[in-house]
Amino acid sequence: MKSVSVYAPASMGNVSVGFDLLGAALEPLYVEQPFGDVVTVTAGQGISLECRGDYAHFLPKQGNIVERCAERFIERHAPQCQGLALTLEKNLPIGSGLGSSASSVVAALAALNRYFDDPLEPQQLLQFMGELEGEISGSVHFDNVAPSYLGGMQLMLADDAQPLPCFDNWYWLVAYPGITLSTAKMRALLPSDVPMTTTIGFGQQLATFVAACYRQDEQQALAVLNDVLAEPHRAAHIPGYQAAKLQLQQLGFEAVGISGSGPTLFAVCRDEQLAKQGADYLQTHYVTNQYGLVRVCRLARQGVQYMEHQLNAVN
Ligand SMILES: Nc1ncnc2c1ncn2[C@@H]1O[C@H](COP(=O)(O)OP(=O)(O)O)[C@@H](O)[C@H]1O
Ligand SMILES: N[C@@H](CCOP(=O)(O)O)C(=O)O
């Protein structure tokens, strides 16, 4: 019997300067536990889903996005299918700002596509991922699914994702306090119209960051890593965020922002000792319960990772 498992890494949406347009896949240093969900697809009767992993008990009893991915995939691309047995290893906290739902969607759709012998091209698969992620968070955005699927830092162009050459020596510290904030609700805090000056500032910062990445100009890239669009409306809704940001800046971090829609905070530095010092600070002062986590990360070069097995049936 055929079985396909796919790991899809955690991701950080927006990266301060690219609301809905820029995102990065994360790979923790020093820890062995997977920092992303794993979905396994094998033959079954009807569609069944088994959930396990550290955050499985926070999943809704009904309406898991992984089941929805399977139903949609079968409807559109495998109508002959009699059924599937799905397993979700839920390793990412839900409503965390770490692209948790995106990780499940990416792992599920990549595994389904491989299980059915790749009927979709990568670009079509990415569109499908964005659509399913949009059903959860309230509107289609690719800044989590693109890096989780493709790895690295991804910029969304009008028709596809474009990898950005980032800086290999940067440490990306992420801290999830342990509380849930729904992406849909954090999006609802944002105004529908933005003043002209803010719009121009946003465009200039994103353009400067992208150009600085291509030129490998670290100072300039770090200098513009500020969020003028979402953070001003969200920061006050994330307990402890503003105090932690100030403290990390005083410690010497060169950029601090909200990962996705929060409550995860990210901070960038180029010194490993400082990254560890910041991690200690956040563990003590930002994490509020046993579900919280702090990770010193590099950007994950690889997005999804496939594991395929041919299981021999035993009579
Ligand atoms: N496999 C899944 N992984 C994460 N969230 C899921 C999953 N299936 C359904 N959900 C629901 O999606 C919502 C979480 O999505 P969202 O707020 O976008 O969180 P995140 O920022 O972690 O992606 C919650 O209501 C959660 O119950
Ligand atoms: N661009 C989105 C990113 C949401 O990321 P998540 O990890 O919080 O789901 C936004 O800022 O709303």
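## Two helices packed together

In this predicted model, helix α2 (residues 100-115) packs against helix α3 (residues 122-137) at an angle of about 140 degrees. The two axes sit 9 Å apart, and the crossing of α2 and α3 is right-handed.

Who makes the contact? On the α2 side it's Ser 101, Ala 102, Val 105, Val 106, Leu 109, Ala 110 and Asn 113. On the α3 side you'll find Leu 125, Phe 128, Met 129, Leu 132, Glu 133, Ile 136 and Ser 137. Sorted by type, the residues where α2 meets α3 come out as 10 nonpolar, three polar and one charged.

## The five-stranded sheet

Next up is an open sheet of five strands, with mixed pairing and the order β5-β6-β4-β1-β13. At the edges are β5 (46-52) and β13 (305-310), each of which pairs on one side only. Ignoring direction, neighbouring strands in this sheet are turned by 15 degrees against each other on average.

Zoom in on β1 (residues 2-9) and β4 (residues 36-43): they run antiparallel and are joined by seven bridges. If you want a spot to look at in that pair, try Ala 8, which stands opposite Asp 37 in β4.

## Where helix meets sheet

So which strands does helix α2 touch? Besides packing with α3, α2 packs on the sheet, where it touches β1, β4, β6 (83-89) and β13. The direction of α2 makes about 150 degrees with that of β1.

Notes. Residues are numbered from 1 along each chain as its sequence is written. Chains are lettered from A and ligands numbered from 1 in the order in which they are written. This is a predicted model: local features need pLDDT of at least 70, side-chain atom pairs count only at pLDDT 80 or more; totals for chains, interfaces and linings use all residues. Two strands pair if DSSP finds at least two bridges between them. Helices (H or I, at least four residues) and strands (E, at least two) are DSSP runs, numbered from the N terminus. Axes are lines fitted to C-alpha atoms, for helices over the stretch in contact, and angles run from 0 to 180 degrees between N-to-C directions. Two residues are in contact if their C-beta atoms, placed from the backbone, lie within 7 Å. A crossing is left-handed if the near helix is turned anticlockwise from the far one by less than a right angle, and right-handed if clockwise. Ala, Val, Leu, Ile, Met, Phe, Trp, Tyr, Cys and Pro count as nonpolar, Asp, Glu, Lys and Arg as charged, and the others, Gly among them, as polar.
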